[in-house]
Amino acid sequence: MNNDVNPIKTMFDELQIQNPDVNIMHDGILDEQKYKNAKIKILWILKQEYYDSGALENTYVDRIKKCVSDEKVASSSTWRRMSYVSYGLLSGKREFNTLPDANICADNFLETAVIEVNKELGNSNSPDQVILDGFNRYKDLIILQLGTYKPDVIIVCLPNSLRSIVDFLYNKCHGSDFINGPKNIYIEGADVGIGKDHKPLFLWAYHPQATKGCNSEGISDDSYTMSLLQAYDNASQNNILA
């Protein structure tokens, strides 16, 4: 895997040289060996990392690993929910009286990859146009990441207002705009769209930080996690993953 990802690192470095006045965050596979050995290769796609996250001081991967080692994963709603979902998908477990310890689940989170559609650091609430402009600047790098990582499942965490990005990514993988397969999974505000194609399967969800979903209903950790797990299971039951 290391030789495969070298061109990605090279492109990141070249883009930073070409854009010296912006801060570009290196994202991607969190742990190469874990990702390589994962029974399901999961790629999370988010909007943009922000300055206040500590990204200027430490890499994305190092910050997550430190959060895990310090047992503070639960303090980040984004990483906590991504850990829960990763744990469910990779362990196959579905029956929870309560969700397990986020720090334990985070070991499965480290088996995944995470990329931002705008590689530049920004504010915590960047306008859609900022995300779109950033995506257009870095889409060649994102295409290279998609082709290199070869995920089985892509969890897209973008709002409907950025559907053009979702359609572009789906088109790169499947030759068309995003097409729904089985009907959306909806659990207490959390709404997940299921693409009709596999290799990779697209699951279109809210951002893990989302607190309100459909009809302004509150989204809990349980509803966010179980909606994505059920969406994956529905895809499997409808032979999309076959």
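The points below cover the sheet, the aromatic contacts and the two largest pockets of this predicted model.

1. Sheet order. Seven strands make up an open sheet with mixed pairing, in the order 1-3-2-4-7-6-5. Strand 1 and strand 5 are its edges, each of them pairing on one side only.

2. Strands 4 and 7. Strand 4 (residues 153–156) and strand 7 run parallel and are joined by four bridges. Valine 156 has tryptophan 204 as its bridge partner in strand 7. Tryptophan 204 comes up again below, under the aromatic contacts.

3. Aromatic pairs, and the helix 6 to helix 7 contact. Six aromatic pairs turn up when the whole structure is searched. One of them joins phenylalanine 135 and phenylalanine 168: the ring centres are 5.4 Å apart and the planes stand at 80 degrees, so the pair is edge-to-face, the cut-off being over 60. Phenylalanine 135 belongs to helix 6 (residues 128–149) and phenylalanine 168 to helix 7 (residues 163–174), so this pair ties together parts 33 residues apart in sequence.

4. Burial of that pair. Are the two rings' residues buried or exposed? Phenylalanine 135 counts as buried because its relative accessibility is 4%, and the limit is under 20%. Phenylalanine 168, with a relative accessible area of 23%, is partly exposed.

5. The pair at strand 7. Phenylalanine 178 and tryptophan 204 also form an edge-to-face aromatic pair, with 5.3 Å from centre to centre and 75 degrees between the planes. Phenylalanine 178 sits in the loop between helix 7 and strand 5 (185–187), while tryptophan 204 is in strand 7 (residues 201–204), so the pair ties together parts that are 26 residues apart in sequence. Both phenylalanine 178 and tryptophan 204 are buried.

6. Aromatic cluster. Which residues join Phe178 and Trp204 in one aromatic cluster? The other members are Tyr170 and Phe202. Trp204 thus has a place in this cluster as well as a bridge to valine 156 of strand 4 (residues 153–156).

7. A charge over a ring. Lysine 41 is placed over the face of tyrosine 35, and its distance from the ring centre is 5.9 Å. The cut-off for such a contact is within 6 Å of the ring centre.

8. Largest pocket. The space in the largest pocket is about 690 Å³. Its lining consists of 31 residues, and those nearest the centre are Glu49, Tyr50, Thr78, His207 and Gln209. At least two lining residues come from each of strand 2 (42–50), helix 3 (60–69) and helix 4 (77–91). Strand 2 has the largest share, with five residues. Sorted by class, the lining of this pocket holds eleven nonpolar, twelve polar and eight charged residues.

9. Second largest pocket. Here the space is about 410 Å³. The second largest pocket is lined by 18 residues, with His26, Asp27, Ile29, Glu32 and Val61 closest to its centre. Helix 1 (2–18), strand 1 (28–29) and helix 3 each contribute at least two residues to this lining, and helix 1 gives the most, namely six. By class, eight residues of the lining are nonpolar, five polar and five charged.

10. Elements at both pockets. Helix 3 supplies at least two lining residues to the largest pocket and at least two to the second largest pocket. Strand 1, an edge strand of the sheet, also supplies at least two residues to the lining of the second largest pocket.

Key. Residues numbered from 1 in each chain as written. Predicted model: local features only at pLDDT ≥ 70, side-chain atom pairs only at ≥ 80, totals over all residues. Heavy atoms only, no water. Phe/Tyr/Trp six-rings, centres within 6.5 Å; stacked < 30°, edge-to-face > 60°. Buried < 20%, exposed > 50% of the residue type's maximum accessible area, 1.4 Å probe, protein only. Lys NZ or Arg CZ within 6 Å of the ring centre and 35° of its normal. 1 Å grid on protein atoms, 1.4 Å probe; cavity = no way out; pocket = protein on both sides within 12 Å on 5 of 7 lines; lining within 4 Å. Points joined across faces, edges and corners; volume = space filled by probe spheres on them. Nonpolar A, V, L, I, M, F, W, Y, C, P; charged D, E, K, R; others polar. Pairing = 2+ DSSP bridges.
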